[in-house]
Amino acid sequence: MLGLAFTTTSCSSDDNKEVSAADIDYNSDNATSWHNYMKNVARLLQTDATNLQAAWTTGGYGDAFINHKGEFTSAKSCVQQIVEGCIDIAGEVGSQKIGDPISKYKAGKTIEAVYAVESWYSWHSREDYRNNIYSIRNAYYGSLNGNVAANSIAKVIEGSNSALDTKVKLAITKAATAIWLFHSLSVITSTVRKQKPPWQHARNWKLY
């Protein structure tokens, strides 16, 4: 079980008291505990990444997807799954990842808005949101480098409906560009400078 082994002088009745993220401190007394916690988190991330890769390369989900097994009974069902995944990603970025903190901020819930912003500790929120849009592009283009692959959904659509293909590509580009130029998130996350984050000793944060 993971946890931070902080030294505490509080009574047992306070053991289950919820601590706000803004009140979590990083100092010389708990540095070792934070180090151990982050080391174990990194190990879990490595395990998850390894398991995900295995699911695609050594049977499992990847095998079912490529060879049309289980719920994926045809190439059409596979393409439909990809398209639906892109729809889910676009909706989540707009309504949740961006929409939620903006709504909270406009409602005067400044602190809640800060904590609702993804990756605000690392100051890479807009990169994360834009990368979500790039993942849609990658799924449509069938590549990871921004070029349209010969065997891709984009090529199929281009051959049957070039106007639709152009519309999809333009929408992807416009969304990624708009997110990168979206400075309202900068206003929200600038509030974090008034907070006291656990990793306040870091010196390489990317500020907007």
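This report walks through a predicted model, from its overall fold to its core, its second largest pocket and a few single residues.

**Overall picture**

The protein is built from eight helices and has zero strands. Read from one end of the sequence to the other, the order of elements is therefore simply α-α-α-α-α-α-α-α. Of its 208 residues, 24% count as buried. If we look at contacts with a separation of 6 or more, 61% of them join residues that are 24 or more positions apart.

**The largest nonpolar core**

A good place to start is the largest nonpolar core, which has 15 residues. Ile-98, Tyr-129, Ile-133, Tyr-140 and Ile-179 are the members with the most contacts inside this core. Two or more residues come from each of H3, H5, H6 and helix H7, the last of these spanning 162-180. H5 provides the largest share, with five residues. As general background, nonpolar side chains in soluble globular proteins tend to be buried together.

Two of the core residues deserve a closer look. Ile-98 sits in helix H3, and it counts as buried because its relative accessibility of 13% is under the 20% cut-off. Beyond four places in sequence, the contacts of Ile-98 are with Val-93, Tyr-129, Ile-179 and Phe-182. The pairing with Phe-182 spans 84 residues in sequence, while the two C-alpha atoms are 9.9 Å apart in space.

Ile-179 is the second. With its neighbours within four places in sequence set aside, Ile-179 is in contact with Val-93, Ile-98, Arg-126, Tyr-129, Arg-130 and Ile-133. Its partners thus include Ile-98, Tyr-129 and Ile-133, which are also listed among the residues with the most contacts inside the core.

**Buried residues in H5 and H7**

Helix H7 also holds Ala-176, which is buried with a relative accessible area of 4%. Outside its sequence neighbours up to four places away, Ala-176 touches Arg-130, Ile-133 and Tyr-134. Another view of this region comes from Arg-137, which is 39 residues from Ala-176 along the chain, with 9.7 Å between their C-alpha atoms.

Helix H5, covering residues 125-141, includes Asn-132. Is this asparagine buried or exposed? Asn-132 counts as buried, because its relative accessibility is 17%. Leaving out residues up to four places away in sequence, Asn-132 touches Ile-89, Val-93 and Lys-97.

Here are relative accessibility values for several residues, side by side:

| Residue | Relative accessibility | Class |
|---|---|---|
| Ala-176 | 4% | buried |
| Cys-78 | 6% | buried |
| Ile-98 | 13% | buried |
| Cys-86 | 15% | buried |
| Asn-132 | 17% | buried |
| His-68 | 35% | partly exposed |

The table includes two cysteines, Cys-78, buried at 6%, and Cys-86, buried at 15%. How many disulfides does the whole structure contain? A search of the whole structure finds zero.

**The second largest pocket**

Let us turn now to open space. The second largest pocket encloses about 220 Å³. Its lining consists of Val-79, Ile-82, Ala-139, Gly-142, Asn-151, Ser-152, Ile-153, Val-156 and Ile-157. Which helices each supply at least two residues of this lining? They are helix H3 (75-106) and helix H6 (153-160). H6 gives the most, with three residues. By residue type, the lining divides into six nonpolar, three polar and no charged. Both H3 and H6 also give two or more residues to the largest nonpolar core.

**An unusual backbone angle**

Finally, the backbone holds a detail worth finding in the viewer. Most residues other than glycine have a negative phi. His-68 is not a glycine, yet its phi is positive, at about 60°. This histidine is found in the loop between helix H2 (60-67) and H3. At 35% relative accessibility, His-68 counts as partly exposed, because that value falls between the 20% and 50% cut-offs.

Note on methods:
Residues are numbered from 1 along each chain as its sequence is written. This is a predicted model: local features need pLDDT of at least 70, side-chain atom pairs count only at pLDDT 80 or more; totals for chains, interfaces and linings use all residues. Side-chain values use heavy atoms; hydrogens and water are left out. On a 1 Å grid over the protein atoms alone, a cavity is a set of points where a 1.4 Å probe fits but cannot get out, and a pocket is an open set with protein on both sides within 12 Å along at least five of seven lines; lining residues have an atom within 4 Å of a point. Grid points are joined across faces, edges and corners, and a volume is the space filled by probe spheres set on the points. Helices (H or I, at least four residues) and strands (E, at least two) are DSSP runs, numbered from the N terminus. Ala, Val, Leu, Ile, Met, Phe, Trp, Tyr, Cys and Pro count as nonpolar, Asp, Glu, Lys and Arg as charged, and the others, Gly among them, as polar. Buried means under 20% relative accessible area, exposed over 50%, partly exposed in between (1.4 Å probe, protein chains only). Contact means heavy atoms within 4.5 Å. A nonpolar core is a set of buried Ala, Val, Leu, Ile, Met, Phe, Trp, Tyr and Cys residues joined through side-chain atoms within 4.5 Å. A disulfide is a pair of cysteine sulfur atoms within 2.5 Å.
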